[in-house]
Amino acid sequence: MPELPEVETVVRSLQPTITGEMIARIDTPWQKVIATPDTIMTALGHRIESVARRGKFIVLNLTSGALLVHLRMTGRLYTYLPDVTQEPYVTAIIHFESGKRLTFQDTRKFGRIFYADDLATFFEHLGPEPLGATFTTKWLTDGFSRRCRLIKPLLLDQSFIAGLGNIYVDEGLFLAGIHPLSLSHKIPSANSKKLHDAIRGLLENAIAAQGTTIINFQHGDNRSGSFQHQLQVYGRTGEPCRKCKTFITKLFVAQRGTHVCLKCQMLFV
Ligand SMILES: [Zn+2]
């Protein structure tokens, strides 16, 4: 599933291509892709003023309101698909007045498009951005001590912090030496600080590498990200830890496959 760095990469590839374009028509070969069917047509006749990201949402800011795209598992956006009627799994096509179009292709069909007239309301349940000013070491340490939750599901909870998913949570916990079954309020502040810095560093490096391509994340003109070559634990079950040579173990935490080095990562309970 695309996480913050992959969504940011998509946003950056869309910015020069669709900013300024006026929306003429929205076709939905698969109608359920539109999560807000009652209001979606409000977007017609509006220009895209900017393309941004909030959490894992792609935000197309319009002259009034915004369209929001969530890629979920396998969603991909194209600005160049030559003949969309020939392409399988196309769920939506946004046609622009200039003749350009933005095509949403999604094999699993969990991806959705929303219209919102007020972004503050739409995002009111979303936690802070991990690359934003609110996400400080103190904020994270306080947030952990106020809750007594398993650390991994807490970090995946978009209302606690926005944008993280399975890959970057596993990687961050490894870098901070925290076992994913640890309890948030038992984590020493030294490890919380390490985790804060690890999350920031990981996301920045992954954005620089244009994301992680595990199964089918691609962006722009079918380019792939390359951060998978820097992963320490994610997807490395049975391979030796890069720090201590212990074999990486796969656990299930809150039904999510979780990669851990049992020697490098301490269980705080
Ligand atoms: Zn290790």
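This is a short talk on the aromatic pairs, a cavity, the domains and a few single residues of one chain.

Let me say at the outset that what we have here is a predicted model, and that everything I describe is computed from that model.

I will start with the layout of the chain, which is divided into domain 1, covering residues 4-122, and domain 2, covering residues 137-260. The C-alpha centres of domain 1 and domain 2 lie 28 Å apart. One pair of residues that gives a sense of distance is Q15 and R146, which are 131 residues apart in sequence and, from C-alpha to C-alpha, 39 Å apart in space. Q15 belongs to helix α1, residues 4-18, and with a relative accessible area of 32% Q15 is partly exposed.

Now to the aromatic rings. A pair of rings is described by how far apart the centres are and by the angle of the planes. The count for this model comes to 9 aromatic pairs, and I will take two of them in turn.

In the pair formed by F57 and F114, the ring centres are 5.9 Å apart and the planes stand at 65°, so the pair is edge-to-face, given that an angle over 60 degrees is what that term requires. Which strands hold these two residues? F57 lies in strand β3, residues 57-62, and F114 in strand β8, residues 112-116, so this pair ties together parts that are 57 residues apart in sequence. As for accessibility, F57 is buried, and F114 is buried as well.

Then there are F122 and F123, whose ring centres are 5.1 Å apart and whose planes are at 80°, so this pair, too, is edge-to-face. Are these two residues buried or partly exposed? F122 has a relative accessibility of 27% and therefore counts as partly exposed, whereas F123, with a relative accessible area of 10%, is buried, because the cut-off for that term is under 20%. Taken together, F57, F114, F122 and F123 are linked into a cluster by ring pairs.

A charge also comes into this picture, since the charged end of R54 sits over the ring of F123, at 5.9 Å from the centre of that ring. A second case of this kind involves K243, which lies over the face of F174, 4.9 Å from the ring centre.

Next, the empty space inside the model. Rolling a probe the size of a water molecule over the atoms shows where such space is left. For this model the count is 2 cavities of 30 Å³ or more, and I will describe the second largest, which has a volume of about 30 Å³. Which residues line this second largest cavity? The lining is made up of V69, L77, A92, I93, I94, L102, T103, F104 and I113. Strands β6, residues 90-96, and β7, residues 101-106, each supply at least two residues of that lining. By residue class, the lining of the second largest cavity divides into 8 nonpolar residues, 1 polar residue and no charged ones.

Let me turn to backbone angles. Most residues other than glycine have a negative phi, and most peptide bonds are trans. Against that background I would point to R72, a residue other than glycine with a positive phi, near 50°. R72 is placed in the loop between β4, residues 66-70, and β5, residues 75-78, and at 28% relative accessibility R72 counts as partly exposed. K109 likewise has a positive phi, in this case near 65°. K109 lies in the loop between β7 and β8, and with a relative accessible area of 27% K109 is partly exposed.

I will finish with two loop residues. L150 is in the loop between α3, residues 137-146, and α4, residues 151-156, and L150 is partly exposed, its relative accessible area being 32%. Although L150 and P180 are 30 residues apart along the chain, their C-alpha atoms are separated by 7.3 Å.

What is the burial state of the other loop residue, G211? G211 is found in the loop between α6, residues 189-208, and β9, residues 218-219, and at 0% relative accessibility G211 counts as buried. G211 and D197 are 14 residues apart in sequence, and from C-alpha to C-alpha they are 18 Å apart in space.

Definitions and conventions. Residues are numbered from 1 along each chain as its sequence is written. This is a predicted model: local features need pLDDT of at least 70, side-chain atom pairs count only at pLDDT 80 or more; totals for chains, interfaces and linings use all residues. Side-chain values use heavy atoms; hydrogens and water are left out. Rings of Phe, Tyr and Trp (its six-membered ring) pair if their centres lie within 6.5 Å; planes under 30 degrees apart count as stacked, over 60 as edge-to-face and the rest as tilted. Helices (H or I, at least four residues) and strands (E, at least two) are DSSP runs, numbered from the N terminus. Buried means under 20% relative accessible area, exposed over 50%, partly exposed in between (1.4 Å probe, protein chains only). A charge sits over a ring if NZ of Lys or CZ of Arg is within 6 Å of the ring centre and within 35 degrees of the ring normal. On a 1 Å grid over the protein atoms alone, a cavity is a set of points where a 1.4 Å probe fits but cannot get out, and a pocket is an open set with protein on both sides within 12 Å along at least five of seven lines; lining residues have an atom within 4 Å of a point. Grid points are joined across faces, edges and corners, and a volume is the space filled by probe spheres set on the points. Ala, Val, Leu, Ile, Met, Phe, Trp, Tyr, Cys and Pro count as nonpolar, Asp, Glu, Lys and Arg as charged, and the others, Gly among them, as polar. Domain bounds come from an automatic or database domain assignment.
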